[in-house]
Amino acid sequence: MSEEEKKDINPEPQEGPGENPENGEEKEPVDILPEPGVKRVNRRGFIGKVLVGAGAAFGLELGYAGFRLMATKPVGEKKPVQLSLSQLPEGSRTTVLYGGNKVEVIRDEHGRISALSMVCTHLGCLVIWKDEEHTYHCPCHDAYFDENGGVISGPPTQPLEEIPVTVSGNTVTIGG
Ligand code: FES
């Protein structure tokens with residue numbers, strides 16, 4: 001087959017300015033050059049970036065959920081916890097599990113006994129007693145509570161939960 005015959009069967013697309021080779025109509029001119037300072041992203045790159053972003057968001061969500069699970073266990077049945085007075089010398093702090101969460105039992109220098117939930121009232125992280133500052137600190141969002149559980153600073157609006165304590169003879173009952 002000669003070159004002439006080939007051209008008749010498969011005519012080369014016309015590349016005239018603004019002319020559509022399929023129907024001969026005028027095409028809208030397309031700006032193919034990005035504006036200065038604008039980075040052009042092709043489809044594959046765009047989809048890759050969307051997938052990476054979605055994966056990162058999913059990973060963050062999973063991490064946060066895992067952290068919450070570690071910080072607070074699901075609230076179980078709130079069975080009272082009993083200690084003997086000898087387990088609570090004056091000026092001491094003892095941690096017990098009450099309803100699946102950490103509670104600190106405090107006996108001050110005057111013998112008064114109280115109990116505070118260690119679950120931050122903001123989003124449920126565990127607070128830490130800072131002995132040198134006499135405060136509870138929540139590391140999650142840098143909140144501080146005073147020694148009675150009152151909010152000093154940070155996002156929480158509610159004090160730490162006070163757990164009722166009763167003393168009968170030599171037995172201290174937390175919760176109930
Ligand atoms: S969870 Fe404690 S300050 Fe946010």
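# Close-ups of the strands and their core

**S3 and S4 side by side.** Strands S3 and S4 are paired through five bridges and run antiparallel. This is a predicted model, so take the close-ups as views of a prediction. Two of the rungs are easy to pick out by name: Glu104 has Leu116 of S4 as its bridge partner, and Val103 is matched with Ser117, also in S4. S3 and S4 also make a hairpin, with five residues between the strands. Look for Gly111 in that turn, where phi is positive at about 90 degrees.

**The open sheet S2-S3-S4-S9.** Zooming out from the hairpin, we get an open sheet of four strands with antiparallel pairing, in the order S2-S3-S4-S9. The edges belong to S2 (92–98) and S9 (162–163); each has a single partner strand, so one side of each has no neighbour in the sheet. S9 is held to S4 by two bridges, again antiparallel. Within this pair, Leu116 sits opposite Glu162 of S9.

**Around Ala115 in the nonpolar core.** The largest nonpolar core has 18 residues, and those touching the most other members are Val103, Ala115, Leu116, Val127, Ile163 and Ile174. Five strands each put in at least two residues: S3 (101–107), S4 (113–117), S6 (135–138), S7 (143–146) and S11 (171–174). A core like this fits a general habit: in soluble globular proteins, nonpolar side chains tend to be buried together. Which residues does Ala115 contact, once its neighbours within four places in sequence are set aside? The list is Val103, Glu104, Val105, Ile163, Val165 and Ile174.

**The open sheet S5-S6-S7-S8.** Here is another open sheet of four strands, paired antiparallel and ordered S5-S6-S7-S8. S5 (128–130) and S8 (151–153) are the edge strands; each has a single partner, so one side of each goes without a neighbour in the sheet. From one strand to the next, the twist averages 35 degrees. S5 and S6 are joined by three antiparallel bridges. One pair to find is Ile128 with His137, its bridge partner in S6.

**Phe145 and its surroundings.** Phe145 belongs to strand S7. Is this residue buried or exposed? Phe145 counts as buried, because 23 other C-beta atoms lie within 10 Å and the cut-off for burial is 20 or more. Leaving out neighbours within four places in sequence, Phe145 is in contact with Val127, Thr135, Tyr136, Gly150, Val151, Ile152, Pro159 and Leu160. For Leu160, the C-alpha to C-alpha distance to Phe145 is 7.6 Å, with their positions 15 residues apart in sequence.

**The S10–S11 hairpin.** Strand S10 (residues 165–168) and S11 run antiparallel, joined by four bridges. Ser168 has Thr171 of S11 as its bridge partner. Two residues lie between the strands of this hairpin, and Gly169 has a positive phi near 65 degrees.

**Val172 and its long-range contacts.** Staying in S11, we come to Val172. Val172 is buried, since 21 C-beta neighbours fall inside 10 Å and 20 are enough to qualify. Where does proline 80 sit relative to Val172? Their C-alpha atoms are 9.9 Å apart, although the two are 92 residues apart in sequence. Beyond neighbours within four places in sequence, the contacts of Val172 are Gln82, Leu83, Leu85, Leu88, Ile113, Val165 and Val167.

**The whole chain, for orientation.** Stepping back, the chain has two helices and eleven strands. Starting at the N terminus, the elements run α-α-β-β-β-β-β-β-β-β-β-β-β. Of the 176 residues, 12% count as buried. Among contacts in the chain with a separation of 6 or more, 37% come from residues 24 or more positions apart. Mean pLDDT is 78 for the chain, with 57% of its residues at 70 or more. Over residues 13–19 pLDDT is below 50, and this stretch has nine contacts in the model beyond near neighbours in sequence.

Technical notes
Residues are numbered from 1 along each chain as its sequence is written. This is a predicted model: local features need pLDDT of at least 70, side-chain atom pairs count only at pLDDT 80 or more; totals for chains, interfaces and linings use all residues. A nonpolar core is a set of buried Ala, Val, Leu, Ile, Met, Phe, Trp, Tyr and Cys residues joined through C-beta atoms within 7 Å. Two residues are in contact if their C-beta atoms, placed from the backbone, lie within 7 Å. Two strands pair if DSSP finds at least two bridges between them. Axes are lines fitted to C-alpha atoms, for helices over the stretch in contact, and angles run from 0 to 180 degrees between N-to-C directions. pLDDT is the predictor's confidence in each residue, from 0 to 100.
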